[in-house]
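Me: I would like to go through this structure by question and answer, with the reasoning written out at each step. Where should we begin?

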Amino acid sequence: MFLPAEKESLEEHYTPVGGPAKAERRFVQGHFATNDSDRFSAARMSAETNFASVLVVGTSASLLEAEVFAEVSRLDQAVRGLRAVLDDGTQIRYGDACAKFRAHCVPPNPLLHAWQRDPALDLGRVTFPVLDLAGHPVFLAGYFGGNTLGESAGRSRRLLASKAMHLLYFLQTEEPAQSERSKAWLTHFLDRFSDLQRSLALESIEVVHFTSLSRQLEFEATTMTVVPLFHMAYVLIILFAIISCFRLNCIRTKVGVAVFGVFNVAMAVVSGFGLMLHIGVPFVIIVANSPFLILGVGVDDMFIMISAWQKTSLLVTLRERLSSVYSKVAVSITITSVTNVLAFYTGIMSSFRSVQYFCIYTGTTLIFCYCYKITCFGAVMALDGRREVCCLHWVKKPDPKYASFKKTCCFPLGAVPDEDEIDNHPMNLFFRDHFGPFLTTTKCKLFVVLTYILYIISSIYGCFHVQEGLDLRNLASDDSYIIPYFNVEQDYFSEYGPRVMVVVTESINYWDEDVRQELEKCLIEFEENSYIDKNLTEFWLRQYVKYMQNSSQDLNNKKTFMDNLSVFLSMFPIFTYDVNVSSSNEITSSRGFVQVMRVSSSKNKKLMLVQLRDIADKCGVPLMVYNQAFIFFDQFAAILENTVRNVIVASIAMFIVSLLLIPHPVCSVWVTFAIASVIVGVTGFMAFWKVNLDSISMINLVICIGFSFDFSAHISYAFVSSSKTTVNGKATDALYMLGYPVLQSAISTIIGVCVLSAAKAYVFRTFFKIMFLVMLFGAAHGLIFIPVFLTFF
């Protein structure tokens, strides 16, 4: 067994490889020290810290009341009273693991902490987003939500009412040993929080919780929710295969062959996944979608091969029958298999590891599926051919005593077939005698053209409204405790986003007035941006300028500037880790902070990131912006570019393959048209079904290329190869030959993934939604649009 034991990294697999924020983080980590045991500051951390978060929502109009604060205080004390016990009996208290500032745990909420120290504090005179406590500014942005603000009070406004409060318990992260102790406390917090909540019998407030471990733990648990669906999917596919291939004719029925065809696909999944795990390709959660897809796709070729076999005569030898089957379908199966594999392998170019791994697993498994189909499955069809011959001879053997019994059991609804009789499935006859002639009538063609115009207009409209990026809450199950947490956060705390570092990346002459003015000009440009709250900017140089001016010192003298800096930092220790002074007494880098706001949507996150980086790039001083959240925000800027690139490359590959392997240029043109049309349709209707363009849907758009090629290539090739003289006759003949196998392929794939619609996780439901659209639109193009459009040329 080579199942991976290591945890799946959300950052590594679901953020773009080589994203700008990762390089920015390396710079920050290399130039700015942190100290979470004595000088902790959340905004100054370059990576996510260990934390526990509790969101408190008041049941009354406002929680700025002493009675409500008393209840929140009881909750806070109960949380801080939790003790984790290690295997060796060591107890870990919150006070042992908490992040500290000047030897004290960083308070989970500054206003609550102030009230706990002084219950007489007037909660009716609180200002927001900055509160002046004993001459010290306290930032409340992010700690209170659902606010009602009154008149202005300096750079803030009076906080009249607040609906929600944020308690944030930061734990030490920097030292590995201490980080493990913090994680042990967090694990205990998760295990005990529900019981703690019930024991407190809270009346005035409702609470939800989350930790820095929650996303990873819930993400890993999501994988297990889909395991029971594997069995259901295989049962449904086997039933569909049996129903599709069953005949009231003991000679021509293909039930056993169909069951083996499904087993054949399972063998390919085991082979492909086994090989990938053996050579060490990481197994990420979205790869769990792959077996469902392969299950549906793998039986497609089976239906085509069985359809071709049933059109052979019992009179010829098995060798000739099998030769006839392969001569008719082997090239077609090979072309579609090659294009599907190519479509997936082009996904390896993606900047997202999760997409790369999914495409590697699926593409490799499809190679095994193709090899097993043209070898093992062909052999089983030949063996079943022997059964057909033996069964026919037994039925026709003169035996007056049992003749009636044999006919009744083996052919309850018909006579014994002749040896050279071609077995036409009723659905083939339906496409030849009813659907094809109806589709090629003038009125029906007009209706199809109008329907297509409506389809393409709707799709293009949807393309301009599809949302980009993966919401990380969607990686958890619907019943996870983190879902209500994110919902409350969205409802009450979405106004303020992260505090963003503005980093001066090189050594500059801070004592030069022109340089300071240029830097100030850039800061003002940041503050004037629509996504920045200009009242919450924090920059050491502004404070240092005031300090020097108040002490009548010469700012423009290098020696005076540098000599007073250490004194300033000792008086304002919060800035200690914002100025990087080298051994040669040069400021090699420094940083300030701006407050982002109104970035709850993926579109706003993307625009904010692009605009802030653009301001930094255009500044006359070398600047860089960074926040740990940018690691995930980078996906919003990369996802569209990756999707377009992958789709274009895969489409070009499909076009080249079709030109090389299909000796009819018209086929290549129509196949390329179908690929483009289906991609536009799927992308557009994603918006209507509220599916985001993210790494998961990107995979499906790559899949879309392969399937739209398959359906259209089969029908187009059958059209141009038809011996009929009229275009309507050619279209009807193409539908007669391959209409039913195409329909079977679409239905089998939908059945294979339909069980995912019952999954409790967005990851799997999204896969079902897009695959359903791919199959629906792909089949519609293959069975309706392409046959009609081909008759016009």
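## Backbone, rings and surface

Me: Is Arg102 buried, partly exposed or exposed?
Reply: This is a predicted model, and the answer rests on accessible area computed from it. Arg102 has a relative accessibility of 47%, and the class between buried and exposed runs from 20% to 50%. Arg102 therefore counts as partly exposed.

Me: Where does Arg102 lie, and what is its phi?
Reply: The place of Arg102 is in the loop between strand E4 (100-101) and strand E5 (104-105). Although Arg102 is not a glycine, its phi is positive, at about 55°.

Me: Which class of exposure does Ala103 fall into?
Reply: Ala103 also lies in the loop between E4 and E5, and it has a positive phi of about 70° although it is not a glycine. Its relative accessibility is 55%, and the cut-off for the exposed class is over 50%, so Ala103 counts as exposed.

Me: Which two residues does a cis peptide bond join?
Reply: One partner, Pro129, lies in the loop between strand E6 (127-128) and strand E7 (130-133). The omega of the bond is about 10°, and the residues joined by this cis peptide bond are Phe128 and Pro129.

Me: How are the rings of Phe283 and Tyr361 arranged, among the aromatic pairs of the chain?
Reply: The count comes to 53 aromatic pairs. For Phe283 and Tyr361 the ring centres are 5.9 Å apart and the planes stand at 90°; since planes over 60 degrees apart count as edge-to-face, this pair is edge-to-face.

Me: How many residues apart in sequence are the parts that this pair ties together?
Reply: Phe283 lies in the loop between helix H9 (255-278) and helix H10 (290-310), whereas Tyr361 lies in helix H12 (residues 353-396). The pair therefore ties together parts whose separation in sequence is 78 residues.

Me: Which class of exposure does Phe283 have, and which does Tyr361 have?
Reply: Phe283 has a relative accessibility of 25% and therefore counts as partly exposed. Tyr361, with a relative accessible area of 0%, is buried.

Me: What kind of aromatic pair do Phe789 and Phe792 form?
Reply: Phe789 counts as buried at 8% relative accessibility, while Phe792 counts as partly exposed at 43%. Both belong to a cluster linked by ring pairs, which also includes Tyr452, Trp670 and Phe777. Their centres are 6.4 Å apart, with 35° between the planes, and the pair is tilted.

Me: Over the face of which residue does Arg499 lie, and over which does Arg432 lie?
Reply: Arg499 is at 5.0 Å from the ring centre of its partner, and that partner is Phe139. Arg432 is at 5.3 Å from the centre of the ring whose face it lies over, and that ring belongs to Tyr736.

Me: What is the area of the nonpolar surface patch that contains Ile656?
Reply: Ile656 is found in helix H21 (residues 630-661) and is partly exposed, with a relative accessible area of 43%. The patch is made by Leu640, Val644, Ile648, Ile652, Phe655, Ile656, Leu659 and Leu660, and its area is about 710 Å².

Me: What distance does helix H7 reach from its first C-alpha to its last?
Reply: Helix H7 (residues 214-225) has 12 residues, and its buried residues include Arg215, Glu218 and Phe219. At 1.5 Å a residue the expected span is 16 Å, and the distance reached is close to that, at 17 Å.

Terms used:
Residues numbered from 1 in each chain as written. Predicted model: local features only at pLDDT ≥ 70, side-chain atom pairs only at ≥ 80, totals over all residues. Heavy atoms only, no water. Patch = residues over 30% accessible without salt bridge, like charges linked within 9 Å, V, L, I, M, F, W, Y side chains within 5 Å. Areas by Shrake-Rupley, 256 points an atom, 1.4 Å probe, with all protein chains shown as cover. Salt bridge = Lys/Arg side-chain N within 4 Å of Asp/Glu carboxyl O. Helix = DSSP H or I, 4+ residues; strand = E, 2+ residues; numbered from the N terminus. Buried < 20%, exposed > 50% of the residue type's maximum accessible area, 1.4 Å probe, protein only. Expected span 1.5 Å × (residues − 1). Phe/Tyr/Trp six-rings, centres within 6.5 Å; stacked < 30°, edge-to-face > 60°. Lys NZ or Arg CZ within 6 Å of the ring centre and 35° of its normal.
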